[in-house]
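Subject: Structure handover

Hello,

As agreed, here is the structure for you to look at. My notes on it follow below.

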Amino acid sequence: MSDPKPQFKPQIIDVAILVDAPRIIYHYGSNKAKDNLKFSDYTQLGTKGMGVGYVYMATTWWDAQGEGGSELDVFGTKGNTIRWRMQTLSMGGRADGSLDATAPVAYQAFIRGFVISQGETCITAPVQKTETVDSWGGDEDGKVIRKKVVDVYWEAEVVQPGAVIYHTPFNIFCNCPGCSDNGDGGDDNGTGGGGGGGNGCGGYQHDPWITAQQ
């Protein structure tokens with residue numbers, strides 16, 4: 001019998017962040033937060049800003065060592081690349097009991113930057129990257145067709161062992177008349193704004209972490 005395959009340890013650690021946009025808007029409302037220094041006007045989600053019940057994170061089993069939830073602990077080693085991507089769980093709908101029968105739909109969420117409160121020397125500063133790749137998607141008839149897909153993610157490299165604690169500020173957008181990206185074309189004076197000056201329906205954040213190993 002041949003030896004079993006070694007543990008699956010990808011060089012690139014992909015982290016998916018899913019946010020429950022309708023629930024966030026229902027409980028916290030719109031705040032029109034702007035990308036300012038350290039995103040101090042962004043609303044913290046859940047008890048002590050931990051995001052429980054509003055944010056869900058996932059990655060490969062080995063990299064998270066069986067963990068999951070709003071405070072995913074990603075285990076990486078020197079030389080690993082970490083990539084974060086964000087999606088909404090739902091693009092629309094309204095909460096039961098809401099008096100607003102015309103709640104906006106088509107929610108989308110975008111990471112605005114990273115505020116590292118501990119261990120900033122353990123990883124490189126996360127930067128936003130965009131790639132257009134040949135992939136697959138659905139057409140208006142529901143058929144699977146070849147199409148170009150825009151892949152937007154934030155990326156950092158693990159450079160030394162240690163624990164990294166960080167905030168993940170993000171904006172929620174929808175198709176309501178007041179939604180915009182402040183029209184500044186992404187010039188946020190180095191605060192890490194991901195394509196605009198904040199705004200949208202609101203700015204929010206939660207506190208996950210990274211453990212960089214030997």
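A residue is called buried here when its relative accessible area is under 20%, exposed when that area is over 50%, and partly exposed in between. By that definition, 40% of the 214 residues of the chain count as buried. Please keep in mind that this is a predicted model.

Overall make-up

The chain has two helices and 13 strands. Its accessible surface comes to about 11,600 Å², and carbon and sulfur atoms account for 53% of that. Among contacts with a separation of 6 or more, 76% are between residues 24 or more positions apart.

The five-strand sheet

One open sheet is made of five strands in the order β3-β1-β5-β9-β8, with mixed pairing. Its edges are β3 and β8 (127–138), each of which pairs on one side only. From one strand to the next, the twist averages 30°.

Two of the pairings in this sheet can be described further. β5 and β9 run antiparallel and are joined by four bridges; Arg83 has Glu155, in β9, as its bridge partner. β8 and β9 are also antiparallel, and they pair over twelve bridges. In that pairing, Glu131 stands opposite Asp151 of β9. β8 and β9 form a hairpin with five residues between them, and Gly142 in the turn has a positive phi of about 85°.

The four-strand sheet and α1

A further open sheet has four strands in the order β2-β12-β11-β6, again with mixed pairing. Here the edge strands are β2 (43–44) and β6, and each pairs on one side only. β2 and β12 (residues 202–205) run parallel and are joined by two bridges. Gln44 stands opposite Gln205 in β12. The helix α1 lies across β2, β11 and β12, and runs at about 95° to β11.

The nonpolar core

In soluble globular proteins, nonpolar side chains tend to be buried together. Which members of the largest nonpolar core touch the most other members? They are Val15, Ile17, Val19, Ile24, Trp84, Phe170 and Ile172, out of 35 residues in this core. At least two core residues each come from β1 (12–19), α1 (21–28), β3 (55–58), β5 (81–88), β6 (108–111), β9 (144–157), β10 (162–167) and β11 (170–173). The largest share, four residues, is supplied by β1.

Aromatic pairs

There are eight aromatic pairs in the count. One of them is formed by Phe110 and Phe173, which meet edge-to-face at 5.8 Å centre to centre, with 75° between the planes. This pair links distant parts of the chain, as Phe110 is in strand β6 and Phe173 in strand β11, 63 residues apart. Are the two rings on buried or exposed residues? Phe173 has a relative accessible area of 13%, so it counts as buried. Phe110 is at 39% relative accessibility and therefore counts as partly exposed.

Another pair is Phe114 with Tyr166, which is tilted, at 5.5 Å centre to centre and 45° between the planes. It also links distant parts of the chain: Phe114 is in the loop between β6 and β7 (115–118), Tyr166 is in strand β10, and they are 52 residues apart. Both Phe114 and Tyr166 are buried. Together with Trp84 and Trp154, Phe114 and Tyr166 form one aromatic cluster.

Pro126

Pro126 is in the loop between β7 and β8. With a relative accessible area of 15%, Pro126 is buried, because the cut-off is under 20%. Leaving aside residues up to four places away in sequence, Pro126 touches Trp84, Phe114, Ile116, Trp154, Glu155 and Ala156. Three of these, Trp84, Phe114 and Trp154, belong to the aromatic cluster with Tyr166, and Glu155 is the bridge partner of Arg83. The C-alpha atoms of Pro126 and Tyr153 are separated by 9.8 Å, and these residues are 27 apart along the chain.

Regards

Notes. Residues are numbered from 1 along each chain as its sequence is written. This is a predicted model: local features need pLDDT of at least 70, side-chain atom pairs count only at pLDDT 80 or more; totals for chains, interfaces and linings use all residues. Side-chain values use heavy atoms; hydrogens and water are left out. A nonpolar core is a set of buried Ala, Val, Leu, Ile, Met, Phe, Trp, Tyr and Cys residues joined through side-chain atoms within 4.5 Å. Buried means under 20% relative accessible area, exposed over 50%, partly exposed in between (1.4 Å probe, protein chains only). Two strands pair if DSSP finds at least two bridges between them. Axes are lines fitted to C-alpha atoms, for helices over the stretch in contact, and angles run from 0 to 180 degrees between N-to-C directions. Contact means heavy atoms within 4.5 Å. Accessible areas come from the Shrake-Rupley method with a 1.4 Å probe; for residues, only the protein chains shown count as cover. Rings of Phe, Tyr and Trp (its six-membered ring) pair if their centres lie within 6.5 Å; planes under 30 degrees apart count as stacked, over 60 as edge-to-face and the rest as tilted.
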